[in-house]
Amino acid sequence: MLLLNHESGVPMRKKIVGSSWKMHVNTKSDVTDLAVAIREGVKSIRNIDMFLIPTFPLIEHLSYILADSQIAWGAQNVAFADYGAYTGEVSAATLADFGCTYVEIGHAERRTYFNETDHSVNKKVRICLEYGLTPLVCIGETKSEKDDFVGKIRVKSQLLWAIDCVKKEDISKIVFAYEPVWAIGQSEGADADYVEDMHKYIRKVLSDEVSDEVAQNVRIIYGGSVKLESANDLINKENVDGLFTGRFALQASNYIAIAQCVSDYCKEKEGK
Ligand code: PGA
């Protein structure tokens with residue numbers, strides 16, 4: 001079913017502001033400081049989805065802090081199997097047990113440093129869906145792919161791999177994070193027009209390969225050096241359904257400011 005806004009007839013895709021803390025926030029006390037400040041700072045924001053993703057061992061600690069809040073939590077990776085002799089891996093069953101909502105899959109750093117492949121991304125997507133977890137699938141072209149004008153082909157291939165053998169009704173449960181590799185960890189992220197063009201393209205591929213309904217319902221968020229200065233331009237784009245923040249949101253006030261910016265944008269839209 002295509003969810004439409006009654007007034008405008010535009011698809012209703014609830015906006016998301018999320019943050020992965022990568023391996024930046026590494027102790028219980030640092031998680032407490034950051035998460036409590038964010039939880040208090042976004043208390044009045046109810047019209048967007050929010051999430052925080054810590055390192056594996058601190059998920060449980062974060063879950064106690066966020067338990068009665070409107071902020072979800074998740075994990076930065078998951079094993080491609082749910083049970084068995086996989087030393088050092090973490091099962092989707094464990095993540096579900098710890099109350100995770102989102103599971104980040106295929107981040108550029110995992111693809112680069114930890115041999116994450118499109119094939120393993122696909123297995124992880126399917127296992128997350130089996131356990132009722134939301135796959136947060138990261139896709140994006142490298143600098144050389146962009147320079148060689150094959151960025152869209154790369155993104156299409158990552159996208160099609162991710163959804164292969166996924167039931168049609170499950171595809172719109174996936175959240176895609178478009179994260180061009182060249183824009184991660186930089187002083188400036190990708191330009192809002194560039195991002196919008198790629199998000200539109202991702203939706204077109206989903207429309208051609210799956211259905212227009214799925215393409216319109218799927219949420220696509222942008223990540224890569226997001227800052228408050230760029231948040232407003234990005235969120236104003238029709239096909240940008242949210243922001244995935246890294247370093248900038250390691251300061252609670254910055255995460256809160258971005259969430260507020262997206263929430264205000266939504267309120268203004270809803271009011272029209
Ligand atoms: P960054 O990280 O904002 O620090 O560039 C973004 C990401 O990797 O998701």
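**Exercise 1. Two glutamates in loops**

Task: Is E89 buried, partly exposed or exposed, and where in the chain is its place?

Solution: Start with the surface value: E89 has a relative accessible area of 42%. Buried would need a value under 20% and exposed a value over 50%, so E89 is partly exposed. Keep in mind as you work that this is a predicted model. Next, find the place of E89, which is in the loop between β3 and α3 (92-97). Then look for its contacts beyond neighbours within four places in sequence: these are V78 and A79. Finally, take N77 as a reference point. E89 is 12 residues from N77 in sequence, and their C-alpha atoms are 9.1 Å apart in space.

Task: Which residues does E116 contact, leaving aside neighbours within four places in sequence?

Solution: First place E116 in the loop between α4 (108-113) and α5 (118-130). Its relative accessible area is 8%, and the limit for buried is under 20%, so E116 is buried. Now list the partners of E116: N77, G106, R110, R111, V121 and K124.

**Exercise 2. Strands in the barrel**

Task: In what order do the eight strands close into a barrel?

Solution: Follow the strands round and you read β1-β2-β3-β4-β5-β6-β7-β8, with parallel pairing. From one strand to the next, the twist averages 25°.

Task: How many bridges join β1 to β2, β2 to β3, and β3 to β4?

Solution: Take the pairs one at a time.

- Strand β1 (residues 16-20) pairs with β2 in the parallel sense over five bridges. As an example, S19 has L52 in β2 as its bridge partner.
- Strand β2 (residues 49-53) is joined to β3 by three bridges, again in the parallel sense. Here F51 is partnered by A72 in β3.
- Strand β3 runs parallel to strand β4 (residues 102-105), and two bridges join them. A75 is found opposite V103 in β4.

Task: Which residues of β2 and of β3 lie on each side?

Solution: A general point helps first: in a regular strand, side chains alternate between the two faces of the sheet. In β2, D49, F51 and I53 are on one side, while M50 and L52 are on the other. Both of these faces are covered, and five of the five residues of β2 are buried. In β3 (residues 71-75), I71, W73 and A75 point one way, and A72 and G74 point the other way. The burial count for β3 is five of its five residues.

**Exercise 3. Two helix pairs**

Task: At what angle do α11 and α12 cross, and is the pair roughly parallel or roughly antiparallel?

Solution: The axes of α11 (residues 228-235) and α12 (residues 252-271) come within 10 Å and cross at roughly 25°. Angles under 35 degrees count as roughly parallel, so α11 is roughly parallel to α12. The crossing is right-handed. At the contact, α11 supplies L228, A231, N232 and I235, and α12 supplies A257, I258, C261, V262 and Y265. Sorted by class, these residues are eight nonpolar, one polar and no charged.

Task: At what angle do α7 and α9 pack, and how do the residues of their contact divide by class?

Solution: Helix α7 (residues 151-163) packs on helix α9 (residues 192-209) at about 45°, with the axes 10 Å apart. That angle makes α7 oblique to α9. The crossing of these two helices is right-handed. From α7 come G151, K152, V155, K156, L159, L160 and I163, which meet D197, M198, Y201, I202, V205, L206 and E209 in α9. The classes are nine nonpolar, one polar and four charged.

**Exercise 4. Positive phi**

Task: What is the phi of K22, and what is the phi of F149?

Solution: As background, most residues other than glycine have a negative phi. K22 has a positive phi of about 45° although it is not a glycine. K22 is in the loop between β1 and α1 (28-41) and is partly exposed, with a relative accessible area of 22%. F149 also has a positive phi, near 60°. F149 lies in the loop between α6 (143-147) and α7, and its relative accessible area of 78% makes it exposed.

How values were computed: Residues numbered from 1 in each chain as written. Predicted model: local features only at pLDDT ≥ 70, side-chain atom pairs only at ≥ 80, totals over all residues. Heavy atoms only, no water. Axes fitted to C-alpha atoms, helices over the stretch in contact; angles between N-to-C directions. Helix = DSSP H or I, 4+ residues; strand = E, 2+ residues; numbered from the N terminus. Parallel < 35°, antiparallel > 145°, perpendicular 65-115°, else oblique. Left-handed = near helix turned anticlockwise from the far one by under 90°. Contact = heavy atoms within 4.5 Å. Nonpolar A, V, L, I, M, F, W, Y, C, P; charged D, E, K, R; others polar. Buried < 20%, exposed > 50% of the residue type's maximum accessible area, 1.4 Å probe, protein only. Pairing = 2+ DSSP bridges.
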